[in-house]
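I set out to record a few local environments in this structure, entry by entry. The notes below follow the order in which I looked things up.

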Amino acid sequence: KLAEAEQNYLKANDYGAPYASTRYNLGVTYVSLNRLADAERALQKAGELQPSHINAHYNLAWVYDHEGKNNQAKQEYQATLDLKPDYAEPRINLGAMLGREGQYPDALRQLQTAQTYAPDHPILMYSMGEVYRNMQRYDEAIAAYNQVLRREPRHTFAYTGLGMCYEGKA
């Protein structure tokens with residue numbers, strides 16, 4: 001069915017539909033098909049056609065993030081947040097990315113801000129646990145991982161993080 005969706009979005013584009021939503025939907029379809037380079041082009045075009053299209057920026061950031069294009073991802077996450085500062089998911093993803101890059105204070109700032117909008121979000125709490133663990137703030141990391149496990153008892157990465165914390169504390 002995704003191939004059919006793609007074909008219809010492409011027909012709309014062929015007939016000159018200059019709509020951001022068509023390009024956005026095509027980009028999301030390409031993400032579902034794991035065709036990230038195609039998704040990147042479609043989402044870029046959606047953002048060009050409608051610079052205020054929040055989800056075009058957010059999904060383009062996600063694509064850049066998964067392609068390892070961190071600088072572009074950060075720019076698009078920030079563009080999303082400039083349009084909607086209380087949008088927790090891009091803030092969580094930006095914080096997680098900054099944490100992976102070792103920019104712990106900036107990562108925590110983003111994640112703590114996201115926490116005001118989505119206090120029990122498991123990905124947020126896992127990301128906070130990762131940052132705290134990497135900072136060797138083990139007690140805070142343990143609390144974050146445990147919060148994840150209260151919501152998702154089978155979250156294997158949270159268990160792994162807990163193990164690493166207890167090992168680090170030894």
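Entry 1. In this predicted model, I first checked the exposure of His 53. I found a relative accessible area of 12%, and because the cut-off for buried is under 20%, I recorded His 53 as buried. I located His 53 in the loop between α3 (36-49) and α4 (54-67). I then followed its side chain, which reaches the backbone nitrogen of Ala 56 at 3.0 Å. Leaving aside residues up to four places away in sequence, I listed Ala 20, Ser 21 and Tyr 24 as the residues that His 53 touches.

Entry 2. I turned to helix α7, residues 104-117. I noted 14 residues and a reach of 20 Å from the first C-alpha to the last, close to the 20 Å expected at 1.5 Å a residue. Which residues of α7 are buried? I obtained Ala 107, Leu 108, Gln 110, Leu 111 and Ala 114. Viewed down the axis of α7, these buried residues fall within an arc of 165°, so I assigned them to one face of the helix. On the face turned away from the buried side I found the exposed residues Pro 105 and Thr 116. Among the elements covering the buried residues of α7, I noted α5 (70-83), α6 (88-100) and α8 (122-134).

Entry 3. I examined the largest nonpolar core, which has 45 residues; Tyr 77, Leu 124, Met 128 and Tyr 145 touch the most other members. Helix α9 (residues 138-151) supplies the largest share of this core, 7 residues. For Tyr 145 I also listed contacts, not counting residues up to four places away in sequence; these include Tyr 126, Arg 133, Leu 162 and Cys 165.

Terms used
Residues numbered from 1 in each chain as written. Predicted model: local features only at pLDDT ≥ 70, side-chain atom pairs only at ≥ 80, totals over all residues. Heavy atoms only, no water. Helix = DSSP H or I, 4+ residues; strand = E, 2+ residues; numbered from the N terminus. Buried < 20%, exposed > 50% of the residue type's maximum accessible area, 1.4 Å probe, protein only. Polar contact = N/O pair within 3.5 Å; in protein donor to acceptor, adjacent residues only side chain to side chain. Contact = heavy atoms within 4.5 Å. Expected span 1.5 Å × (residues − 1). Arc of directions from axis to C-beta. Core = buried A, V, L, I, M, F, W, Y, C linked by side-chain atoms within 4.5 Å.
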